[in-house]
Amino acid sequence: MARYVLHLAFDGDPRRLAARPAHREHLRRLKDQGRLVTAGPWADDSGALHVYEVADEAELRDILREDPYTAVNGYEIVLMKQWTPIL
């Protein structure tokens with residue numbers, strides 16, 4: 001398994017806010033499956049940080065394709081990088 005950090009940027013599009021409940025449910029399912037370590041928005045809601053535990057980048061991209069935010073172009077990927085935590 002590999003751990004990936006994802007930094008997302010949001011714009012003010014109201015479609016993203018409308019998709020937020022479904023997006024958060026999607027994240028809850030991923031957390032329950034053990035594929036999401038943690039996730040949350042920046043305090044100013046300009047974006048978010050997610051940490052995933054997945055087989056590889058292809059699995060992460062599949063997860064993103066299924067995210068309700070993707071359907072409404074609700075984010076831009078600022079950073080997607082494999083991460084090796086030491087603690």
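**Strands first**

I started with strand β1, residues 2-9, and asked how it pairs with β3. The two run antiparallel and are joined by eight bridges. This is a predicted model, so I keep in mind that everything here is computed. For a landmark in that pairing I picked Tyr4, which stands opposite Tyr52 in β3.

Next I checked the other partner of β3. Strand β2, residues 36-41, also runs antiparallel to β3, and five bridges join the two. Here my landmark is Ala39, standing opposite His50 in β3.

How many residues lie between the strands in the hairpin of β2 and β3? I found five, and Asp45 in this hairpin takes a positive phi near 60°.

Then I looked at how covered β3 is. Strand β3 spans residues 47-54, and seven of its eight residues are buried.

**A link between β1 and β3**

I went looking for salt bridges and got a count of nine. One of them joins the side chains of Arg3 and Glu53, at 2.7 Å from N to O. The pair ties distant parts of the chain together: Arg3 sits in strand β1 and Glu53 in strand β3, 50 residues apart. Is Arg3 buried or exposed? Neither quite fits: I noted it as partly exposed, because its relative accessibility is 26% and buried would mean under 20%.

**Along helix α1**

I moved on to helix α1, residues 14-33, and stopped at His26, which lies in it. Why does His26 count as buried? Its relative accessibility is 4%, and the cut-off for buried is under 20%. I also listed what His26 touches, leaving out residues up to four places away in sequence: Ile63, Glu66, Asp67 and Pro68.

In helix α1 I also found a salt bridge between Arg29 and Glu25, with the closest N and O atoms 3.9 Å apart. Both residues lie in α1, four residues apart, about one turn of the helix. Arg29 is partly exposed at a relative accessible area of 41%, and Glu25 is partly exposed too, at 36%.

**Helix α2 and its two sides**

Helix α2 covers residues 57-66. Which residues of α2 are buried? I wrote down Glu59, Leu60, Ile63 and Leu64. They cover an arc of only 145° around the axis, so they are on the same side of α2. The general rule I had in mind is that an α-helix has 3.6 residues a turn, so residues three or four places apart point the same way.

Turning the helix around, I found the exposed residues Arg65 and Glu66 on the face away from the buried side. I then checked what the buried residues of α2 pack against: β1, α1, β3, α3 (68-71) and β4 (76-83).

There is a salt bridge in α2 as well. Asp62 pairs with Arg65, and their closest N and O atoms are 2.2 Å apart. The two are separated by about one helical turn, because they are three residues apart in α2. Asp62 is partly exposed, with a relative accessible area of 36%. Arg65 counts as exposed because its relative accessible area is 56%, and the cut-off is over 50%. Elsewhere, I noted that salt bridges sharing partners join Arg16, Arg20 and Asp45 into one network. Asp45 is the hairpin residue with the positive phi from my earlier entry.

**The core**

Last, I looked at the largest nonpolar core, which has 19 residues. Which members touch the most other members? They are Tyr52, Leu60 and Leu64. The elements giving two or more residues to this core are β1, α1, β3 and α2. β1 gives the most, with four residues. As a general note to myself, nonpolar side chains in soluble globular proteins tend to be buried together.

I followed Leu64 a bit further. Leaving aside neighbours within four places in sequence, Leu64 is in contact with Leu6, Tyr52, Thr70, Tyr75, Ile77 and Met80. So Tyr52 turns up again: it is also the β3 residue opposite Tyr4.

**What the record says**

I also looked up the UniProt record, where an unreviewed entry lists residues 3-84 as "domain: YCII-related". Over residues 3-84 I noted that the chain is 41% helix and 35% strand. The end C-alpha atoms of that stretch are 7 Å apart.

Technical notes: Residues are numbered from 1 along each chain as its sequence is written. This is a predicted model: local features need pLDDT of at least 70, side-chain atom pairs count only at pLDDT 80 or more; totals for chains, interfaces and linings use all residues. Side-chain values use heavy atoms; hydrogens and water are left out. Buried means under 20% relative accessible area, exposed over 50%, partly exposed in between (1.4 Å probe, protein chains only). Two strands pair if DSSP finds at least two bridges between them. Contact means heavy atoms within 4.5 Å. A salt bridge is a side-chain nitrogen of Lys or Arg within 4 Å of a carboxyl oxygen of Asp or Glu. A nonpolar core is a set of buried Ala, Val, Leu, Ile, Met, Phe, Trp, Tyr and Cys residues joined through side-chain atoms within 4.5 Å. UniProt positions are given in the numbering used here, feature names are shortened, and annotations may be inferred rather than shown by experiment. The arc is that of the directions from the helix axis to the C-beta atoms.
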